[in-house]
Amino acid sequence: MSAPFRSYVLVSREQIARNYRNVRSVVGPGVEVAGVVKADAYGHGALEVSRVLAAEGATCLAVSSVEEGVNLRRGGIHQIRILVMGGFLPYEGEALVEYDLTPAVHSLEQLSRLDRLARSSAKPIGYHLKIDSGMGRLGTRASAAEILAALAEARYAHLEGLMTHFASAADYTSSQTADQLAYFHAVCARLREAGVNAARLHTSSTNAIGYGRSEGWHTMVRAGHALYGYVSPARGEAPRQLLDVKPALTWKAKLLAVKDIPAGALVGYGGTYRAPQAMRIGILGVGYADGVFHRLSNRGKVIAAGKLTPIVGTISMDLTTIDLSHTTALAAGDDVTLLGAEGEARLDAQQIARVAGTISYNILCSISARVRRVYV
Ligand SMILES: *Cc1c(COP(=O)(O)O)cnc(C)c1O
């Protein structure tokens with residue numbers, strides 16, 4: 001299908017639902033699957049994706065910031081827990097309470113701030129305590145004894161979960177995941193011995209699910225990338241991939257012009273491409289302002305008339321030039337595929353990332369707000 005926009009993405013709701021069901025079937029019925037919809041659901045549209053997951057029976061969504069959580073509530077996502085993984089800053093406390101968001105608390109100082117907030121508001125506030133088990137990013141490094149002391153002080157806010165995050169779950173040349181899990185389990189065991197039982201324990205995101213690190217699944221997992229059809233490639237000797245997920249997003253752009261240029265003609269800013277022979281080029285109404293990586297200049301490919309064809313010259317803010325010498329089938333107004341499949345040709349975010357020198361997450365999240373989202 002084609003839509004009347006210079007550049008647009010088609011998001012398949014059904015594929016997102018299938019991917020979510022696939023994650024659920026891999027982890028099994030005893031494990032809750034929190035759908036990670038931060039960063040506008042990795043470019044897929046947080047509200048639309050949240051609606052799909054809610055319809056599939058999801059009981060928890062995860063976002064990065066209070067603002068992202070508020071947007072979901074204002075968009076009509078109720079009766080479903082929203083975990084704010086990035087915690088909250090002092091000025092966000094009020095919104096946290098008003099919109100019934102569940103923060104991941106990542107320091108004991110933040111825990112006492114949340115407890116004061118819970119005491120002064122009439123509402124119950126639940127939270128998940130995030131432990132830094134060795135990633136060295138958000139999470140408390142406090143000892144179990146220090147955590148117990150802080151929990152004893154915090155009598156108003158309610159501990160719903162204990163969580164940590166893995167730095168290298170797809171890396172089978174490193175023991176970092178096992179080390180992190182051992183640290184997390186030791187803290188949890190000390191808390192349990194002292195009578196602290198959080199209803200939910202969670203450590204795993206897509207890679208720890210896909211590569212079957214089931215000792216890290218506990219009672220909940222947090223799946224983002226998998227919902228959108230991706231698992232990162234492994235390093236080293238990884239076990240068999242358990243997930244069977246597929247990309248849900250196709251990115252298209254319209255040809256604004258098709259023209260023939262003679263041998264020796266230069267293309268684009270800086271004249272970085274010189275036509276080696278007479279050729280046909282197409283000029284697309286999409287550029288780096290839409291999220292096409294500038295690094296793809298003279299390197300990347302798109303799919304035109306069912307065939308992979310190179311990007312030629314430097315990518316501009318709003319325009320990208322491609323080689324159309326292989327076809328006479330396309331004219332101004334026709335669509336070209338930047339990410340997706342046409343016939344036998346395929347281009348996914350992982351392939352594009354490799355050429356652009358980045359990761360698939362970065363490709364998906366960079367598709368800018370100017371690119372219209374169309375749901376099918
Ligand atoms: C983004 C994120 C996730 C989801 O990770 P995926 O690899 O996309 O599944 C899970 N947990 C935390 C803390 C995150 O920041």
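Okay, let's start at the ligand: of the 14 residues around it, the ones that come nearest are Lys-38, Tyr-42, Thr-206, His-225 and Tyr-361. Before I go on, please keep in mind that this is a predicted model.

So what does the ligand have within polar reach? Take Thr-206, where a polar side-chain atom sits 2.6 Å from a ligand oxygen. Then there's the backbone. His-225 has a backbone N or O atom 2.8 Å from an oxygen atom of the ligand, and Gly-224 has a backbone N or O atom at 2.9 Å from an oxygen of the ligand. If you're clicking along, Thr-206, Gly-224 and His-225 are the ones to put on screen for this part.

Next, the pockets. How big is the largest pocket? Its volume comes out at about 650 Å³. Lining it are 29 residues, and Lys-38, Arg-137, His-165, Phe-166 and Ser-205 are the closest to its centre. In terms of secondary structure, helix H2 (38–42) and helix H9 (206–210) are the elements that give two or more residues to that lining. And by class the pocket lining splits into 13 nonpolar, 10 polar and 6 charged residues.

You'll have noticed Lys-38 turning up twice: it's in the group that comes nearest to the ligand, and it's also among the residues closest to the centre of the largest pocket.

Let me stay with helix H2 for a moment, since there's some backbone geometry to look at. Ala-39 lies in this helix, and its phi is near 50°, which is a positive value in a residue other than glycine. Asp-40 lies in helix H2 too, and its phi is likewise near 50°, again positive and again not a glycine. Buried or exposed, or something in between, for Ala-39? Ala-39 is partly exposed, because its relative accessible area is 35%, and the partly exposed class runs between 20% and 50%. Asp-40 falls in that class as well, with a relative accessible area of 40%.

From the pocket, over to the cavity. How many cavities of 30 Å³ or more are there? The count comes to 1. The largest cavity holds about 40 Å³ of space. Its lining is made of Lys-130, Ile-131, Asp-132, Ser-133, Met-135, Arg-137, Leu-138, Thr-164 and His-165. By class, that's 3 nonpolar, 3 polar and 3 charged residues. Two names there should ring a bell: Arg-137 and His-165 are in the cavity lining, and both are also among the residues closest to the centre of the largest pocket.

One of the cavity-lining residues is Ser-133, and I'd like to spend a minute on it. Where does Ser-133 sit in the fold? Ser-133 is in the loop between strand E6 (126–130) and helix H7 (144–153). Ser-133 counts as buried because its relative accessible area is 6%, under the 20% cut-off. As for its partners, the Ser-133 side chain makes a polar contact with the side chain of Thr-164 at 2.7 Å, and another with the side chain of Gln-180 at 2.9 Å. Leaving out residues up to four places away in sequence, Ser-133 touches Arg-141, Thr-164, His-165, Gln-180, Tyr-183 and Phe-184. Thr-164 and His-165 from that set also line the cavity.

Now a second serine, Ser-7, found in strand E1 (residues 7–11). Ser-7 counts as buried because its relative accessibility is 4%, again under 20%. The Ser-7 side chain reaches the backbone oxygen of Lys-252 at 3.2 Å. What else does Ser-7 contact beyond its neighbours within four places in sequence? The set is Trp-251, Lys-252, Ala-253, Gly-285, Val-286, Val-371 and Arg-372. For a bit of scale, Ser-7 and Ala-41 are 34 residues apart along the chain, and their C-alpha atoms are separated by 19 Å.

Last bit, zooming out to the whole protein. We have 11 helices and 19 strands. The C-alpha atoms fill a box of roughly 80 × 45 × 40 Å along the principal axes. Of the 376 residues, 54% are buried. And among contacts with a separation of 6 or more, 67% are between residues 24 or more positions apart.

That's what I had, so over to you.

Definitions and conventions
Residues are numbered from 1 along each chain as its sequence is written. This is a predicted model: local features need pLDDT of at least 70, side-chain atom pairs count only at pLDDT 80 or more; totals for chains, interfaces and linings use all residues. Side-chain values use heavy atoms; hydrogens and water are left out. Helices (H or I, at least four residues) and strands (E, at least two) are DSSP runs, numbered from the N terminus. Buried means under 20% relative accessible area, exposed over 50%, partly exposed in between (1.4 Å probe, protein chains only). A polar contact is a pair of N or O atoms within 3.5 Å; within protein, one must be able to donate a hydrogen and the other to accept it, and residues adjacent in sequence count only if both atoms are side-chain atoms. Contact means heavy atoms within 4.5 Å. On a 1 Å grid over the protein atoms alone, a cavity is a set of points where a 1.4 Å probe fits but cannot get out, and a pocket is an open set with protein on both sides within 12 Å along at least five of seven lines; lining residues have an atom within 4 Å of a point. Grid points are joined across faces, edges and corners, and a volume is the space filled by probe spheres set on the points. Ala, Val, Leu, Ile, Met, Phe, Trp, Tyr, Cys and Pro count as nonpolar, Asp, Glu, Lys and Arg as charged, and the others, Gly among them, as polar. A residue is near a molecule or strand if one of its heavy atoms lies within 4 Å of it.
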